[in-house]
Amino acid sequence: MHGNRNNPSRRATLGALAVLASGATVGLTGCGSQSGSVAKRDKSAKPKIALVMKSLANEFFGTMAEGAKKHQAANPGKYELIVNGIPDERDVTRQSALVAEMVAQGVDAIVIAPADSKALATPLKRAAEKGVRIVNIDNKLDEEVLEKLKLKIPFVGPNNQAGAQKVGEYLADKLSPGSEVAILEGVVTSFNSQQRRDGFGKAIFQSRLKLVKSQSAQWETGPANQVAASILAANPDLKAIFCCNDNMALGALAAVKAAGKTGKVQIVGFDNISAVQAAIKAGEILATADQHGDQLAVFGIETALALLDDKIGENDKETPVDLITREKLP
Amino acid sequence: MSRGGGDGRPQFSTGQLGGLLVVLALMVAGFGWLQPRFFSTATLALVGNQIPDLAVLACGMTLVMVAGGIDLSVGSVVGLSTAVLGHCLGEWNWPVWTGCLAALVTGAGCGLLNGTVSVLAGIPSFIVTLGMLEAARGGAYLISGSQTRYLGDGLEGLSAPIAGLNLSPSALLAGLVVLAGQGLQSFTALGRRLVAVGENDQAAWRMGVDPKAVRIIAFALCGVLAGLAGMFQTARLGSADPNAGIGMELGAIAAVVIGGASPSGGRGSVLGSFLGVLVIAVLQTGLAQIGAADPVKRLVTGGVIVLAVLADAWRRKAR
């Protein structure tokens with residue numbers, strides 16, 4: 001908590017405990033001002049924004065939510081924030097209920113990381129029909145379904161493909177044409193994994209490198225270690241491994257070290273986690289990409305605020321992905 | 001722990017239902033005070049429209065628990081019937097009503113299998129249904145190819161609120177199921193037999209009741225209602241999600257226990273369980289609307305479940 005009296009999560013925590021105690025005889029004053037009716041919003045009133053996340057127990061989403069709370073605490077006059085997550089990543093039922101609950105609560109906009117790209121579309125359409133503005137972050141809603149519902153929801157997020165291509169090109173520039181390389185993919189059905197794989201692929205194709213293997217290591221360090229070790233054993237001339245996230249880059253690094261090929265096989269990752277930053281500083285991993293995970297929800301909120309002020313239309317907005325190399329780290 | 005009446009009549013204690021109503025009223029008042037919007041008809045209708053699936057699941061669970069069993073598989077059976085429904089409508093282009101029938105039959109089949117295996121082989125139902133929890137979810141992924149299927153508005157009619165009433169046909173249907181379930185308990189021979197079987201097999205035999213048949217019927221009914229819950233979910237989301245209903249068995253069991261059923265059988269009422277569902281739904285909606293932090297939500301929900309059961313136990317002891 002940030003020591004701010006108006007901090008909604010703190011107020012809510014105490015409020016919740018008060019309810020538990022007695023059906024409410026103790027509590028804090030001031031439940032926050034109510035903004036006007038949703039359909040025709042009074043533009044001078046402070047808008048209320050709901051952030052609907054996946055599981056907040058997952059560090060990635062927890063960090064995103066914390067980033068949003070900090071942003072609200074720094075801009076208390078601009079908007080009110082209410083953050084909710086679901087206990088299980090896959091619990092679309094609860095998440096769809098949350099959307100309806102936020103609408104009934106009178107929020108002006110919902111920023112959502114959908115647990116499912118199709119199943120949340122219908123509940124969101126109902127919210128949009130009530131005049132609530134919607135912004136999609138993290139997991140892009142299915143375009144076909146949105147089209148069928150005649151629903152326009154802006155997606156605010158990083159272009160994973162372009163980001164991976166940037167990282168891939170940085171590595172490819174250091175290799176001669178024809179060099180053998182491999183890709184470690186995340187969970188194959190994951191959109192992010194496909195995008196990053198395609199970005200690496202483009203860089204590999206442009207520099208005329210030879211892709212000998214592209215395999216899934218499920219986003220995890222352990223499986224990445226096994227897969228990378230077997231690829232290294234089968235391809236003694238391998239010059240580089242492109243990893244779709246940093247956890248897998250760490251697994252690949254351990255495999256390269258175990259094979260006694262440190263420095264001979266280059267590795268790149270994606271996410272900019274602290275362990276990989278250390279490896280980049282040590283010269284063991286070449287580069288990674290930073291998609292500013294803690295700011296992803298904030299970007300969504302800023303888009304929602306602009307939408308509410310009618311400053312922009314319902315268009316997708318790309319957020320920055322930065323190439324992180326040794327020079328960029330302190 | 002004292003058990004319900006040995007006369008074989010279902011326990012329908014107005015005192016207990018009254019206690020639950022008081023708890024509900026206090027919660028609504030508390031949330032309304034913290035968050036004035038909570039009092040809006042929109043929020044109250046919302047609570048009504050969110051619960052049809054949990055309400056029918058709790059109804060089925062009550063029947064099984066009164067008969068001394070438990071069904072851990074209902075959440076997965078919801079997922080399986082959802083996947084079947086999605087496949088029938090989306091892949092085979094069946095008419096809506098036959099798809100819904102297929103979902104109900106799927107649920108009934110799972111329930112029947114649960115009941116038959118556990119009763120005939122004498123295996124505790126929590127083990128058999130734990131197996132079904134895994135197997136049915138696997139079946140759901142298999143049928144759906146682990147993909148959510150968008151169905152559009154074919155089932156919209158079930159979930160769209162009726163104008164002027166603010167409640168959806170699903171909610172009304174669920175209300176009817178609850179009334180029918182309570183009717184079955186209070187006014188039919190099967191209702192009395194469920195209690196007798198839950199109390200004591202020997203006693204049931206002496207009444208001339210075959211406990212096996214009664215238990216199997218309870219599981220089958222529970223399965224059908226899980227299929228119905230799958231229909232409700234599919235209608236609400238406009239899509240068939242093979243992950244539907246994950247963890248819902250816990251919500252259903254919690255509702256039944258809050259509603260005053262005995263985990264060891266012989267006591268419990270569908271109406272009480274329905275009030276348990278309302279307690280959980282109001283808590284969930286209220287905590288979300290005031291924006292409680294996630295850990296707090298779970299602490300509070302867990303606390304309320306245990307407090308409700310404690311209060312019930314004290315009330316019984318005092319009597």
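1. In this predicted model, α3(A) and α13(B) are oblique to each other, and that description follows from their packing angle of about 60°, since angles from 65 to 115 degrees would count as roughly perpendicular and those under 35 degrees as roughly parallel. The axes of helix α3 (residues 92–105) of chain A and of α13(B) lie 9 Å apart, and the crossing of α3(A) and α13(B) is right-handed. On the side of α3(A) the contact is made by A:L98, A:E101 and A:Q105, and on the side of α13(B) by B:T285, B:A288 and B:Q289. By class, this contact of α3(A) with α13(B) comprises two nonpolar, three polar and one charged residues.

2. The wider contact between the chains draws 43 residues from chain B and 39 residues from chain A. On the side of chain B that touches chain A, the elements giving two or more residues are α1 (14–34), α2 (41–50), α11 (211–237), α13 (270–289) and α14 (294–318) of chain B. Of these, α1(B) gives the most, with seven residues. Sorted by class, the side of chain B that touches chain A holds 21 nonpolar, 17 polar and five charged residues.

3. The geometry of α13(B) itself is consistent with its length: at 1.5 Å a residue, its 20 residues should span 28 Å, and the C-alpha atoms at its ends are indeed 28 Å apart, which agrees. Because 20 of the 20 residues of α13(B) are buried, this helix is largely enclosed by the rest of the structure. Just after α13(B), B:G291 adopts a positive phi of about 70°.

4. Within chain B, α13(B) also packs against α8(B), at an angle of about 145° and with the two axes 8 Å apart. Here B:V178, B:G181, B:Q182 and B:Q185 in α8(B) meet B:V270, B:L271 and B:F274 in α13(B), and the residues of this contact divide into four nonpolar, three polar and no charged.

5. One residue of α8(B) may be worth a separate look, namely B:L179, which lies in this helix (residues 169–187) of chain B. B:L179 has 14 other C-beta atoms within 10 Å and is therefore partly exposed, given that a residue would need 20 or more to count as buried and 12 or fewer to count as exposed. From C-alpha to C-alpha, B:L179 and B:S262 are 20 Å apart in space, and they are 83 residues apart in sequence.

Definitions and conventions: Residues numbered from 1 in each chain as written. Chains lettered and ligands numbered in written order. Predicted model: local features only at pLDDT ≥ 70, side-chain atom pairs only at ≥ 80, totals over all residues. Contact = placed C-beta atoms within 7 Å. Helix = DSSP H or I, 4+ residues; strand = E, 2+ residues; numbered from the N terminus. Nonpolar A, V, L, I, M, F, W, Y, C, P; charged D, E, K, R; others polar. Axes fitted to C-alpha atoms, helices over the stretch in contact; angles between N-to-C directions. Parallel < 35°, antiparallel > 145°, perpendicular 65-115°, else oblique. Left-handed = near helix turned anticlockwise from the far one by under 90°. Expected span 1.5 Å × (residues − 1).
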